[in-house]
Amino acid sequence: MPFTVVRFNLVDPHATPRSLSDRYRAALEMAAYADDRGVDTVQTEEHHGVADNWLPSPFAFAGAVFGATRRITVTVSAIIGPLHDPLRLAEEIAVLDLLSRGRLVTVAGIGYRPEEYAAHGVDWGRRGKLQDLLLETLLKAWSGEPFSYEGRTVRVTPRPYTEPHPLLLVGGSSKAAARRAARLGLPFFPSAHLPELEAYYTRLCAEYGTEGWTMMPAESTPLLHLSEDPDRTWGLYGEHFLHEARTYASWQSKDIRSAVRSAATTVAELRAEGVYRVVTPDECVALGAESLVLHPLCGGMPVDEAWRSLHLLAENVLPRLKE
């Protein structure tokens, strides 16, 4: 049985406040439906100041999902660690961990958009040191005991639900990220299929005497949309996939490695590339993938079409995969 993901970043380039509110509420209803149908996790993320309304507040969204669901996890993949106040973030995650009884998974990266740092008044050149401070502080804070922080003694309460602490992974595609994770004994979440970086991380864990593990994307991890007629869906909605692909690609330098990276400039190129895939239920079952990532509201996709895709996954694919 593959690991199943429903991704929400709430992008809508043509939204009004009213229509975006409707989209957010639809996403919560979809999360509740996915929860009832046995989907493993809702995945969300963090980006700031994007013209197409990319979600900037993943923990607020996660809290709403927890209120609408019973068992599904929420994976925040990823937060931009240096943009967060460490003590405040420790509190936020602890409260969400208590509310959800351990259903929150947080991946902490450092991001790749200098404009997000500038908008928040954070020094781009200090991002590595700020990420170290954040991760070290979170681990100390969740003990519930007083500790030294920036020259003063502080204590963060309440303690989280999960022992020894909420699930926290270090994300990234660099050796610095792997070193950071190994040194702190935290799991590593490479942003792409990078077995050489996984091996580097494993070797460093042995050198540091820490225990860790890797959650790495498969070599091919397409973002999926389900349809009984893929040709029709590409014709009607291909621009939504292309909008998101081009937006995301515009942020990534040549040094950034990502499982979701597209060079397409047209819908036809995007379809041929295979990063975003529209498949029938039969084709989805036949993929034989380690994980299935459904992106129902991709790029401002109409809510009705998003529901059709999710229903096909839940009613026509998941029961067959469980057989």
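**Exercise 1.** Describe the surroundings of Asp-97, which lies in helix α3 (residues 86–100), helices being DSSP runs of H or I with at least four residues and strands runs of E with at least two, numbered from the N terminus.

*Solution.* This is a predicted model, in which local features need pLDDT of at least 70, side-chain atom pairs count only at pLDDT 80 or more, and totals for chains, interfaces and linings use all residues. Residues are numbered from 1 along each chain as its sequence is written, and side-chain values use heavy atoms, without hydrogens and water.

Step one: Asp-97 is buried (under 20% relative accessible area, with exposed over 50% and partly exposed in between, for a 1.4 Å probe and protein chains only).

Step two: Asp-97 has no salt bridge (a side-chain nitrogen of Lys or Arg within 4 Å of a carboxyl oxygen of Asp or Glu), and the nearest side chain of opposite charge, that of Arg-103, is 9.0 Å away.

Step three: a polar atom of the Asp-97 side chain lies 2.7 Å from the backbone nitrogen of Thr-162.

**Exercise 2.** Find where the residues of the salt bridge between Glu-244 and Arg-7 lie, and whether they are buried or exposed.

*Solution.* Step one: the side chains of Glu-244 and Arg-7 meet at 3.6 Å, N to O.

Step two: this pair links distant parts of the chain, since Glu-244 belongs to helix α8 (residues 230–251) and Arg-7 to strand β1 (residues 3–7), 237 residues apart.

Step three: Glu-244 is buried, with a relative accessible area of 1%, and Arg-7 is buried at 7%.

Conventions:
Lys, Arg positive; Asp, Glu negative; His and termini not counted. Polar contact = N/O pair within 3.5 Å; in protein donor to acceptor, adjacent residues only side chain to side chain.
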